[in-house]
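Subject: Structure handover

Hello,

Here is the structure for you to look over. Please open it alongside this email.

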Amino acid sequence: MNILVTGGAGFIGSHVVRRLLTNYPNYHIYNLDALTYAGNLENLKDIESAPNYTFIKGDITESSFIHTIFKKHKFDAVIHLAAESHVDRSIYDPMAFVKTNVLGTVHLLNAAKSTWETDYTGKRFYHISTDEVYGTLEDTGLFTETTAYDPSSPYSASKASSDHFVRAYGETYGLPYVISNCSNNYGPNQFPEKLIPLFINNIIKNKPLPVYGDGNYTRDWLYVLDHALAIDLVLHNGKNAETYNIGGFNEWKNLKLVKLLCKQMDKRLGRAVGESESLIKYIKDRPGHDLRYAIDASKIKNELGWEPSVTFEEGLEKTIDWYLANEEWLKNVTSGEYREYYGRQYK
Ligand code: NAD
Ligand code: TYD
């Protein structure tokens, strides 16, 4: 197979690229990425010279360029991860999210349709989405694949819109597709704007840990390598025109999670018990903050035999170890644009 992975230089995409290259040496993996602030070729340093790997620098919003690479490389499948992915940035600049997440997705759909439509056999457009499209839950209940969409942030609205377009291309033009909606990922290579890597970085540097509101918000957390495994399974064995929810069976209130992280960091850094926790600072809440996300992942578990392989405590330890072992990576991504973003967001 020739597989196009979009956003392969980002957090989840880099783990997907590595997994496919390693497990399927007879596939050719094309990684298309615009290298925005979130895209980093350092994430793929170890595999960049693999004979079955090609990096293409390009923007999914550039329609003629996208059509050209589809014509040239004869992709059998697309795994579409490229996106603007951070809720706080979407509150500041929604149009960037409309452009990449909505328009970019439609440009890819158009290119796939026009290249494949004479014979859709063996073709697949795999769209990677988020549980945030379902909106928020109260204290009970779980998101299933049939939960109605009810997005709250510009980010989740743009992802919901892109999911609708993918399904519409399936219904209207017969484009073969599959969608998965995953909960919050964490692990190596995540840009330190998201909760866990941001707090690891701040603990290392003894900077305040900015908890939004009272910290009583719940997320379901999944180790990124387990998401990459799920993506591999859905790509190969997922049914056409189906949706799969992916989650860690692992709900945590933010404050409880942050306290566990602080405890593990104190131990790992040889600091006194409670030292990292003393950095917690409650700050103004995020507007439109969804109270709780929780995924019912029984469909992918029952149909495709997928389950998370690590506990949250193990995954968090591996994540901390990775950030401590990759200080240069952290230093590089927290210079320049990051400082500007951080100053604006946490002033
Ligand atoms: P990320 O922000 O780390 O990476 C996004 C990648 O897309 C970057 O490499 C960036 O350079 C690239 N990109 C952005 N705009 C582009 C454009 N116009 N053209 C080409 N490339 C572009 O994101 P992530 O956390 O790895 O998320 C990947 C996907 O998974 C996204 O679609 C996101 O919505 C989805 N998702 C993420 C999570 C999570 O917890 N991170 C959970 C569920 C779903
Ligand atoms: P985040 O990692 O941004 O993911 P998402 O908003 O997509 O779930 O945030 C996870 C949770 O942590 C969310 O409830 C917001 C909260 N949060 C903070 O309390 N402080 C922060 O600085 C950040 C980035 C997030």
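Below are notes on a pocket, a cavity, the cysteines and one loop residue.

First, a caution: this is a predicted model.

**The second largest pocket**

This pocket holds about 350 Å³ of space. Its lining is made up of 13 residues. Lys284, Pro287, Arg344, Gln345 and Lys347 are the ones nearest the centre. By class, the lining splits into six nonpolar residues, one polar and six charged.

Which helix gives the largest share of that lining? It is α3, with three residues. α3 spans 87-92. α12, at 337-345, also supplies at least two lining residues.

**The largest cavity**

The search found one cavity of 30 Å³ or more. The largest cavity has about 50 Å³ of space. Its lining includes Val87, Glu132, Ser153 and Arg219. The run from Arg286 through Pro287, Gly288 and His289 to Asp290 also lines it, as does Tyr293. The classes here are three nonpolar, three polar and four charged.

Pro287 appears twice in these notes. It is among the residues nearest the centre of the second largest pocket, and it also lines the largest cavity.

**Cysteines**

How many disulfides does the model contain? The count is zero. As a reminder, a disulfide is a covalent bond between the sulfur atoms of two cysteines. In this model, no pair of cysteine sulfur atoms lies within the 2.5 Å cut-off, so none is counted.

Two cysteines are worth a look for their surroundings. Is Cys182 buried or exposed? Its relative accessible area is 2%, under the 20% limit, so Cys182 is buried. Cys262 comes out at 1% relative accessibility, so Cys262 counts as buried too.

**Asn52**

Asn52 sits in the loop between β2 (28-33) and β3 (53-57). Its relative accessibility is 10%. The cut-off for buried is under 20%, so this loop residue counts as buried.

What does the side chain of Asn52 meet? One of its polar atoms lies 3.4 Å from the backbone oxygen of Pro25. Beyond neighbours within four places in sequence, Asn52 is in contact with Leu21, Tyr24, Pro25, Tyr27, His28 and Ile29. Pro25 thus features in both the contact list and the 3.4 Å pair. His28 and Ile29, also in contact with Asn52, fall in the 28-33 range of β2.

That is the handover.

Best wishes

Terms used: Residues are numbered from 1 along each chain as its sequence is written. Chains are lettered from A and ligands numbered from 1 in the order in which they are written. This is a predicted model: local features need pLDDT of at least 70, side-chain atom pairs count only at pLDDT 80 or more; totals for chains, interfaces and linings use all residues. Side-chain values use heavy atoms; hydrogens and water are left out. Helices (H or I, at least four residues) and strands (E, at least two) are DSSP runs, numbered from the N terminus. Buried means under 20% relative accessible area, exposed over 50%, partly exposed in between (1.4 Å probe, protein chains only). A polar contact is a pair of N or O atoms within 3.5 Å; within protein, one must be able to donate a hydrogen and the other to accept it, and residues adjacent in sequence count only if both atoms are side-chain atoms. Contact means heavy atoms within 4.5 Å. On a 1 Å grid over the protein atoms alone, a cavity is a set of points where a 1.4 Å probe fits but cannot get out, and a pocket is an open set with protein on both sides within 12 Å along at least five of seven lines; lining residues have an atom within 4 Å of a point. Grid points are joined across faces, edges and corners, and a volume is the space filled by probe spheres set on the points. Ala, Val, Leu, Ile, Met, Phe, Trp, Tyr, Cys and Pro count as nonpolar, Asp, Glu, Lys and Arg as charged, and the others, Gly among them, as polar.
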